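User: Please take a close look at one sheet of this model and at what packs on it. I am new to the structure, so explain the terms as you go, and then carry the same reading over to other parts.

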Amino acid sequence: MKAFRWVNFILILTFLSACGSGGTSGNPIFSFATETPLPTAQVTIIPAPDAQAAVTAFLQALQKDDYASMYDMLSQPSRDGITLEAFSKRINDALNTMSAAGMEYSINSSLLNPRAAEVAYSITYKTILAGDIQRNIVVRLVNENEVWKVEWQDGLILPELADGNLLAMEYNIPARGDIYDRDGLPIVSQADAFAFGIQTDQIDYEIINTLLNELGKLCGFDPEFIQDEIDVNGPGWYLPMCEGTREEAQRLLSINPGGLVISDEYNSRYYFETGLAPQVVGYTQLISPEQLDAYRRLGYDGSEKLGQAGIEKWAEDYLAGQHGGILRVVSPSGQIISTLGQSAAQPADSVYLTIDRNMQYYAQQSIEFFRGAIVVMEVDTGRVIAMASGPDFDPNLFEPANPNRDALVDLLNSANEPLLNRATQGQYPLGSAFKTISMAAALESGLYLKETTYDCQYDFTELEERVLHDWTWQHCEDAKAVGDFCDDSSTTPSGLLTLQEGLMRSCNPYFWHIGLDLFNFDRRSDIANMARAFGLGKLTGIGQIPELAGQITDPTTPVDAVNQAIGQGDMLVTPLQVAAFTAAIANGGTLYRPQIVERIRPIEGDPKLIFRPEANGTLPVRAENLTIIQDAMYMVTNNSRGTARFNLRGFIEQYKVAGKTGTAESGNGKSHAWFAGYTLNEANTTLPDIAIVVIVENIGEGSEYAVPIFRAMAETYYYGSPQTVPWYGPVGEPPYTPTP
């Protein structure tokens with residue numbers, strides 16, 4: 001044993017001797033450890049990427065419907081197995097079907113090694129029709145180039161969707177709610193309707209006038225327009241006209257004018273009178289492809305008609321009711337596997353407008369053959385009782401079942417923009433109707449009293465290198481051009497006027513003088529600031545329908561100042577704004593927020609919304625000065641030299657009204673005609689006093705066109721219908737063409 005150990009020892013020494021030989025002598029050298037330490041070995045540790053962060057990013061992308069980013073986070077084998085389009089559709093369809101309006105998640109735990117990981121998370125879908133759906137899910141990840149990638153499977157949406165299972169929603173959709181006027185008379189409802197038209201090769205020309213007049217009356221068309229359409233198209237054409245109820249169809253059938261075509265009955269979202277206040281009420285259309293995802297998430301199945309404009313759009317949540325549904329999991333073959341949640345449908349609510357149906361009808365008749373707008377508002381509440389914009393349109397044309405629907409193309413392409421609500425979205429210079437505001441600024445400045453006088457002549461010469469002419473000068477020039485004399489109140493200068501008389505006569509030189517005076521007294525912003533305090537240059541806050549703010553700027557030059565003082569220059573206002581401040585003048589200074597919804601009423605129970613007057617502010621005009629303005633506006637309509645008196649004769653002897661005419665240069669064609677006025681008869685009639693504002697675009701003077709329309713609306717308010725025929729022709733018929 002000892003011998004064996006020695007043999008081993010000798011072999012080890014021999015090995016070490018061989019390894020350590022060197023030098024020149026060839027003698028063996030033995031190596032031993034030196035005192036200098038060897039360097040420490042370097043160890044590189046590469047941590048695995050953060051798997052929880054990767055899953056968080058994946059779920060954040062899901063919250064945003066960012067399917068492209070989610071797809072980029074998939075593992076390569078997963079992307080090989082499904083295209084981006086199919087991946088996006090799979091998730092989007094599932095979220096739409098479950099009506100997922102939102103989603104929340106939390107990361108619970110994770111397990112990982114350098115090449116693979118598992119992350120557990122909780123996800124809760126906030127669905128409209130099936131309630132909250134919460135699931136705990138584990139996602140597997142693989143490390144590709146030091147980045148965690150998700151191994152996709154459909155169970156990551158919901159575990160129940162593994163193995164190709166699908167979601168299916170059984171919808172319960174309530175009938176759409178109705179829209180009424182303030183007294184409960186229908187404006188819009190679901191009803192059976194008929195479409196009317198003309199087959200041109202079947203016309204009986206012996207009684208063609210009956211056909212033209214009956215359809216003109218029913219559809220709101222000028223009979224001459226219908227005749228022109230017949231002549232232009234010739235025989236063999238169908239000309240769509242309008243829609244009506246069963247009663248209207250039966251009446252026309254009883255007359256049976258040759259060429260009349262009445263369609264088969266169809267069920268429709270029906271707008272009475274071919275659309276009462278159509279720019280206010282709006283219309284419905286089928287959900288567009290661009291809207292589909294958003295409304296599927298809100299519980300719509302996609303086949304519903306959706307409010308696309310006006311009250312129909314604003315009140316969609318009320319008018320659509322609460323959809324109901326049952327959410328189920330079904331196998332690829334359609335077999336029901338389980339039910340995930342359900343809800344019951346709730347009936348739709350009805351919307352009652354502040355509009356008075358009769359007032360609205362005659363407002364539309366009054367503006368029918370013009371471009372312009374009418375606003376009628378209670379002075380003490382802000383309640384809008386009529387809002388008409390001309391030309392109007394037939395919202396029944398948006399009904400897919402309407403046989404006359406081809407006419408929709410012409411409507412949408414009309415150069416007259418009938419869909420535009422000129423009452424709230426039309427922006428115009430106000431012209432002389434603005435002088436009430438300039439008068440308020442003058443009085444509040446302390447530089448003017450109601451007795452302050454000015455000599456109103458043809459010319460205004462206070463500007464350097466520029467002479468401006470009063471409206472009486474232009475009337476005189478027009479009279480001389482046709483061989484007449486300048487010898488009446490409209491063609492001769494107004495002469496020496498007090499401030500109130502200046503408003504009564506609408507003397508331009510007086511108000512040019514005021515604007516220049518304030519500008520030179522370092523009060524250049526007084527009129528602009530007063531206009532803003534009257535609600536101009538900002539939204540009225542009506543809220544329920546779209547509106548524009550208009551524009552009021554501070555004058556920077558004397559020319560700007562004189563232009564602004566008479567409502568010209570770069571000023572822009574809406575008729576609704578003018579109605580609001582006119583009502584404020586009438587009621588003593590309270591500027592009310594205009595409102596057009598009276599109440600929202602469910603089938604049972606208390607109303608969900610009730611109209612309540614809301615003050616937007618108070619006019620910054622002292623009571624004594626406001627009275628001076630009110631008296632001057634009364635002089636406009638009642639004094640023998642007032643600019644509105646002529647076309648109000650016979651009416652003002654029975655009912656008191658006040659107001660201000662306006663003729664605003666449009667910059668494009670003839671002037672815009674304005675009248676802004678109000679009634680003063682509540683004490684005698686018990687009817688609330690109203691403000692009425694009229695604008696007629698590119699037509700001429702306010703006293704000639706806007707005042708007769710104001711009168712028609714005031715007569716309708718007190719008598720039920722217009723009582724006099726304007727000089728240019730009956731209300732609801734095309735105007736005559738002679739010069740006034």
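Analyst: Leu141 stands opposite Val150 in β4. This pair belongs to the place where β3 and β4 run antiparallel, joined by four bridges. Here two strands are said to pair if DSSP finds at least two bridges between them. Strands are DSSP runs of E with at least two residues, helices are runs of H or I with at least four, and both are numbered from the N terminus. The model is predicted, so local features need pLDDT of at least 70 and side-chain atom pairs count only at pLDDT 80 or more, while totals for chains, interfaces and linings use all residues. Residues are numbered from 1 along each chain as its sequence is written, and side-chain values use heavy atoms, with hydrogens and water left out.

Between β3 and β4 there are two residues, which makes the two strands a hairpin. In its turn, Asn145 has a positive phi of about 55 degrees.

The hairpin is part of an open sheet of four strands in the order β1-β2-β3-β4, with antiparallel pairing. β1 (100-112) and β4 (147-150) are the edge strands, each pairing on one side only. From one strand to the next, the twist averages 30 degrees. Such angles run from 0 to 180 degrees between N-to-C directions, and the axes are lines fitted to C-alpha atoms, for helices over the stretch in contact.

At the β1 end of the order, β1 and β2 (residues 116-127) pair in the antiparallel sense over 11 bridges. Within this part of the sheet, Ser110 stands opposite Val119 in β2. Helix α2 (residues 51-63) packs on the sheet and touches β1, β2, β3 (131-144) and β4; contact means heavy atoms within 4.5 Å. The direction of α2 makes about 170 degrees with that of β1.

One residue shows how the helix meets the sheet. Gln52 lies in helix α2, and Gln52 touches Ile107, Ser109, Ser110 and Val119, not counting residues up to four places away in sequence. Both members of the pair Ser110 and Val119 are thus among the residues that Gln52 touches. The side chain of Gln52 also makes a polar contact with the side chain of Ser110, at 3.1 Å. A polar contact is a pair of N or O atoms within 3.5 Å; within protein, one must be able to donate a hydrogen and the other to accept it, and residues adjacent in sequence count only if both atoms are side-chain atoms. Gln52 is partly exposed, because its relative accessible area is 32% and the class runs between buried, under 20%, and exposed, over 50% (1.4 Å probe, protein chains only). Gln52 and Trp148 are 96 residues apart in sequence, yet 9.5 Å apart in space from C-alpha to C-alpha.

A second open sheet can be read in the same way. Five strands form it in the order β17-β16-β28-β27-β26, with antiparallel pairing. Its edge strands are β17 (384-390) and β26, each of which pairs on one side only. Neighbouring strands of this sheet are turned by 5 degrees against each other on average, direction ignored.

Strand β27 (residues 672-679) pairs on one side with β26 (residues 657-664), antiparallel over eight bridges. Its antiparallel pairing with β28 (residues 690-696) has six bridges. The bridge partner of Gly677 in β28 is Ile692, and that of Ala673 is Val696. Strand β27 is largely enclosed by the rest of the structure, because eight of its eight residues are buried. In a regular strand the side chains alternate between the two faces of the sheet. In β27, His672, Trp674, Ala676 and Tyr678 point one way, and Ala673, Phe675, Gly677 and Thr679 point the other way.

Two helices are placed against this sheet. Helix α13 (residues 357-367) lies across β16 (372-378), β17 and β28, running at about 25 degrees to β17. Helix α25 (residues 702-719) packs on the sheet, touching β16, β17, β26, β27 and β28, and its direction makes about 35 degrees with that of β27.
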